[in-house]
Amino acid sequence: MDGLMLALQGGLDSLASYLAAHVLLCLVPAFFIAGALSALVPQQAIIRFLGPTAPKWMSYSAAAGAGSLLAVCSCTIQPLFAGIYKKGAGLGPAITFLFFAPAANILALAYTGVALGAEFAIARILLALAFGIGIGMIMAILFREADVARLGDAATFADAGGVPGKALAFIGMLVALLLAGTLKLDLFKSVVFAFELPWSGAAGVQQTLDRWVPVNEAIGAEGLSLQGALLIGLLAMIGAVAWRGLGTVDAGFNRLTPLALGLTVLTLIVAALGVRVDAAGLLVSLTGRTLAVAVCALALIPLARRFDAWDVQQWLWETWRFVKQIFPLLIVGVFLVGVIRVFIQPEWIRALAGANTLLANLSGVLFGVFMYFPTLVEVPIAKMFLSLGMHPGPLIAYLMADPELSLQSILITAAIIGKLRAWTYVGLVALFSTVAGLTYGAWVDGMPAWQLAAVVLGFVAGVVGVLHLIEGRRRAARGETTC
């Protein structure tokens, strides 16, 4: 019974920490961006640049380039991935986008270089670029026929596709909103104005929250602040109002639609405030981030007025559809991660990962899956394990797998592209992350360059051989069918 209660507490702690500290400023704009991609961008435009018939140099470069600009985690990238995949992106470029954005965005690379050193940052970008494109191409080859069938005749008209200027401006402002809430710049951290809210009971309430949801940096538990509790309450209000305000907006606007949008803007602004409990009550700070989020959110209003009412309705409805599809799986996954995390001791991983062995690198990959951390938190965790004796090889394997794979992201990916494709992707990420760790670890251990090159080329040749065999059998099967 004690173990059950401990597991339940771990799941609830994980869920409370996630909703209060991580989900709002990145995930909420991501849902609205996904809705805009689905409703406002012509399918032919997506197919033109990311479709299976687009030139490989263009589609994979565009996917990696777009991913490098978004400082998001494996959960936040899911609605964006779903948006471009639904609108006609080829499976390969979409997978490259899904892989590259969490693993090698500009912010993650800069943070890695500062915390762990330039060597780790360089290794991370090179490996993520090679493996992200490689995994995307492999997925495109394995599921090529199904991907062509999914798009049907739409690819025929891809060359005529273009994105209207008003759609580009609107989506650009949504992306600016996401970046304003996530980029860690000194400009956004600077305090513009601060004021005190007297409340004698604030410290006592915060102590209670600390007991209910304690902070534990070793396992990535961020705790629950007063501000976080308020944000959870606002999220609950949004959910209650949006069920009709956005869920039925395809039939026309109703009185709950502006209320749902107003609550969403208010929630983002509250999330961007600096709130600290002190002896007198709450010290509230308006920072550069607060102003940037507010300005970007309000700037969406005149940009939205440039569209017909029907287009705005479709944008909001598509956004709500993505929320209904993805958010429940996210909640379940985060809760299960918290339950599992209770029973996994970091000491076990450190004991297994002290040398550059196959088992050590697999341990780094599994640790990244089951001990999911919000975006960028994996870097200080990696620094901690490096100081405790983890070998650089398994550390790279962990840094490659952690931003990509988590239980919740696996569930969501399966819901978007199907179980077979999702688990194939999971297997490829695990395989390539392990190989990345072994390769980097061997280089650190002093393996001669020619031996390392021979091993890598042998692995690549093996992968190419397997793909060639699959393609040969596929052609043979088609030949038998046509006869």
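Two helices are in contact where their heavy atoms lie within 4.5 Å of each other. This briefing applies that idea to a predicted model and considers two helix pairs: H13 with H14, and H8 with H20.

**Helix H14**
- Helix H14 covers residues 256-272, and at 1.5 Å a residue its 17 residues should span 24 Å. The C-alpha atoms at its ends are 24 Å apart, which agrees with that expectation.
- Among the buried residues of H14 are Leu256, Ala260, Leu263, Thr264, Thr267 and Ala271.
- An α-helix has 3.6 residues a turn, so residues three or four places apart point the same way.

**H13 against H14**
- Helix H13 (residues 226-245) packs with H14 at an angle of about 160°, and the two axes are 9 Å apart.
- Because angles over 145 degrees count as roughly antiparallel, H13 and H14 are roughly antiparallel to each other.
- H13 passes H14 in a left-handed crossing.
- On the H13 side, the contact includes Leu230, Leu234, Met237, Ile238 and Val241; on the H14 side, it includes Leu256, Ala260, Leu263, Thr267 and Val270.
- By class, this contact of H13 with H14 has 14 nonpolar, five polar and one charged residues.

**H8 against H20**
- Helix H8 (residues 118-142) and helix H20 (residues 392-401) pack at an angle of about 50°, with axes 11 Å apart.
- That angle makes H8 oblique to H20, and their crossing is right-handed.
- H8 contributes Phe120, Ala123, Arg124, Leu127, Ala128 and Phe131 to the contact, while H20 contributes Pro392, Leu395, Ile396, Leu399 and Met400.
- By class, the contact of H8 with H20 has ten nonpolar, no polar and one charged residues.

How values were computed:
Residues are numbered from 1 along each chain as its sequence is written. This is a predicted model: local features need pLDDT of at least 70, side-chain atom pairs count only at pLDDT 80 or more; totals for chains, interfaces and linings use all residues. Side-chain values use heavy atoms; hydrogens and water are left out. Helices (H or I, at least four residues) and strands (E, at least two) are DSSP runs, numbered from the N terminus. The expected span of a helix is 1.5 Å times one less than its number of residues. Buried means under 20% relative accessible area, exposed over 50%, partly exposed in between (1.4 Å probe, protein chains only). Axes are lines fitted to C-alpha atoms, for helices over the stretch in contact, and angles run from 0 to 180 degrees between N-to-C directions. Angles under 35 degrees count as roughly parallel, over 145 as roughly antiparallel, 65 to 115 as roughly perpendicular and the rest as oblique. A crossing is left-handed if the near helix is turned anticlockwise from the far one by less than a right angle, and right-handed if clockwise. Ala, Val, Leu, Ile, Met, Phe, Trp, Tyr, Cys and Pro count as nonpolar, Asp, Glu, Lys and Arg as charged, and the others, Gly among them, as polar.
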